[in-house]
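The following report describes how strands, helices and charged side chains are arranged in one protein model. Please keep the sequence and the structure in view while reading.

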Amino acid sequence: MASTSGLQVDHVFVLMLENRSFDHMLAFSGIPGIVSASSFTSNTYKGVPYTVGPPGAPWTMPTDPGHEFADVVEQLCGEGFVHEPWTPFPTPPVSVTNSGFVANYATSVSERAPGSPSPPRPADVHDVMQCFDMPRQLPVLHQLATEFAVCDHWFSSLPGPTWPNRLFLHGASSAGWADSPTPDQFKAWYEKTVKFVFPCGASIFDRLSAAGHKWRVYADEDGPPMGGVPLVAALGAVTYQQNTFPFSQFDADLSCSYDYAYTFIEPNYGDVLNGSFVGGSSQHPTDGVVRGEALIKSTYESIRRSVLWERSVLIVLYDEHGGFYDSLPPGGAPPPRDGSPNDPLINSGGFLFDHYGVRVPAIIVSPLIPRHTVDPTVYDHASVPASIERLFGLAPMTNRDATANDIRHLMSAPVPRTDCPVTLLAPATPGGVPSGRVSDAAASWKP
């Protein structure tokens with residue numbers, strides 16, 4: 001079923017990766033016009049300034065930076081700041097200054113994992129301020145950002161971890177969650193013994209189905225088996241091994257008759273059982289970026305060579321910042337107002353969902369987007385369902401997506417471009433390891 005918006009876009013593809021801030025990935029991209037940190041930007045900890053750069057972030061992090069709600073509050077508002085539960089964020093007279101990233105990384109143990117120093121070694125504290133050297137380290141992301149549109153005001157939906165931020169992408173709400181679920185809660189959702197339900201009763205998948213639009217989920221199975229189980233399978237509308245398909249067949253599926261309006265793609269999360277996350281493609285900080293670059297490349301090239309290309313848009317973005325520094329303070333956000341509970345068991349910090357989280361990378365790809373587009377529009381993850389709803393004539397799910405900006409204005413070219421690359425550059429690898437769809441040597445490399 002075609003778009004009802006008048007825009008010639010019938011297929012929306014979304015690839016969401018993990019735990020990287022905008023500055024961490026793109027500050028030294030050299031893209032003219034983006035709002036980014038400079039080598040003079042710094043955080044101070046114990047009287048010592050820690051500046052951004054020089055470019056050349058570690059390929060993998062020895063310690064996972066904190067990114068639970070309390071961590072992000074300190075990162076945004078400064079060392080030692082604690083949010084007063086169930087009050088507006090931030091609590092006056094404190095303001096958001098993005099000044100506490102180093103202090104939090106130096107002291108937080110919220111992401112303690114086997115075999116990693118937590119908190120990090122003093123010599124590694126500066127890592128959280130480092131940015132990648134583009135395009136040397138991230139040639140794939142850099143090429144897409146310069147060929148299409150980079151959004152330099154796309155914020156995570158709340159100052160917190162992966163799960164609630166991903167829920168905002170699927171339902172414009174986290175159903176009251178601001179914390180990471182426990183393993184028992186994961187298990188109940190996946191086994192459907194306890195069904196995860198948004199307060200409005202529907203996710204974007206449900207809304208599409210009710211309107212007669214088809215959708216699919218692809219998961220990267222190329223890695224540890226449990227890491228290939230998509231997080232979206234926790235939702236009531238999605239059943240693992242029934243509604244999800246292996247990414248290895250994505251290219252072949254697009255070469256046939258593909259009539260799915262929305263396609264959501266999840267990476268492999270690596271070794272999730274012991275918390276190392278190694279061997280995946282999500283670009284988790286303790287796993288590195290190489291396999292994720294390969295996944296981005298494969299996704300783009302499959303769409304680009306398909307007959308769908310001229311009527312498609314691909315959104316590549318990250319769920320949250322993963323504790324890495326970003327220089328642009330996020331602002332206030334419209335609460336979902338969907339009846340989500342104020343429950344301290346799932347929202348231990350008492351957050352009112354009235355503020356965006358840290359800025360994340362977002363690249364919008366379409367032959368209808370002019371080259372070298374830098375978009376300063378304020379977005380969050382609810383902008384994805386908002387864009388889908390307005391493309392296909394669906395009603396909003398919450399106040400967040402009802403008021404969110406959407407990406408339709410970016411596709412302003414009168415006819416599809418003919419100069420879009422068919423293939424992208426190969427991912428870079430540390431030590432000159434040959435790159436490809438899978439590189440065990442690269443994935444296991446440590447600095």
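In this predicted model, Val-217 of strand β5 has Thr-244 of strand β6 as its bridge partner. Strand β6 covers residues 244-246, and 3 bridges join this strand to β5, the two running parallel. Strand β5 also pairs with β7, again in the parallel sense, over 5 bridges. In that pairing, Ala-219 stands opposite Glu-266 of β7.

How many of the residues of strand β5 are buried? The strand spans residues 215-219, and 5 of its 5 residues are buried, so β5 is largely enclosed by the rest of the structure. In a regular strand, side chains alternate between the two faces of the sheet. For β5, both faces are covered: one side carries the buried residues Trp-215, Val-217 and Ala-219, and the other carries Arg-216 and Tyr-218, which are buried as well.

The wider sheet is considered next. It is an open sheet of 8 strands with mixed pairing, in the order β6-β5-β7-β1-β8-β9-β4-β10. Strands β6 and β10 (373-375) stand at the edges with a single partner strand each, so one side of each has no neighbour in the sheet. On average, neighbouring strands of this sheet are turned by 20 degrees against each other, direction ignored. The edge strand β10 is joined by 3 bridges to strand β4 (residues 149-151), and these two run parallel. Val-150 stands opposite Val-374 in β10. Helix α10 (residues 383-392) packs on the sheet, where it touches β1 (11-17), β7 and β8 (312-318); the direction of α10 makes about 175 degrees with that of β1.

Two packed helices are described by the angle and the distance between their axes. The axes of helix α4 (residues 139-147) and helix α9 come within 8 Å and cross at roughly 45 degrees. The two helices are therefore oblique to each other. Pro-139, Val-140, Leu-141 and Leu-144 of α4 meet Glu-293, Ile-296, Lys-297 and Tyr-300 of α9. By class, this contact has 6 nonpolar residues, 2 charged residues and no polar ones.

Charged side chains also pair with one another, and the structure holds 18 salt bridges. Three of these pairs are listed below.

| Salt bridge | Closest N to O distance |
|---|---|
| Arg-166 with Glu-266 | 3.8 Å |
| Glu-191 with Lys-187 | 3.2 Å |
| Glu-301 with Lys-297 | 2.6 Å |

Which parts of the structure does the pair Arg-166 and Glu-266 tie together? Arg-166 lies in helix α5 (residues 162-171) and Glu-266 in strand β7 (residues 262-266), so this salt bridge links parts that are 100 residues apart in sequence. Both Arg-166 and Glu-266 are buried.

The other two pairs each lie within one helix. Glu-191 and Lys-187 are 4 residues apart in helix α6 (residues 183-191), which means that about one helical turn separates them. Glu-191 counts as partly exposed because its relative accessibility is 47%, and Lys-187, at 48%, counts as partly exposed too. In helix α9 (residues 290-304), Glu-301 and Lys-297 are likewise 4 residues apart, or about one helical turn. Both Glu-301 and Lys-297 are buried. Elsewhere, salt bridges that share partners join Glu-147, Arg-371, Arg-417 and Asp-419 into one network.

Methods
Residues are numbered from 1 along each chain as its sequence is written. This is a predicted model: local features need pLDDT of at least 70, side-chain atom pairs count only at pLDDT 80 or more; totals for chains, interfaces and linings use all residues. Side-chain values use heavy atoms; hydrogens and water are left out. A salt bridge is a side-chain nitrogen of Lys or Arg within 4 Å of a carboxyl oxygen of Asp or Glu. Buried means under 20% relative accessible area, exposed over 50%, partly exposed in between (1.4 Å probe, protein chains only). Two strands pair if DSSP finds at least two bridges between them. Axes are lines fitted to C-alpha atoms, for helices over the stretch in contact, and angles run from 0 to 180 degrees between N-to-C directions. Angles under 35 degrees count as roughly parallel, over 145 as roughly antiparallel, 65 to 115 as roughly perpendicular and the rest as oblique. Contact means heavy atoms within 4.5 Å. Ala, Val, Leu, Ile, Met, Phe, Trp, Tyr, Cys and Pro count as nonpolar, Asp, Glu, Lys and Arg as charged, and the others, Gly among them, as polar.
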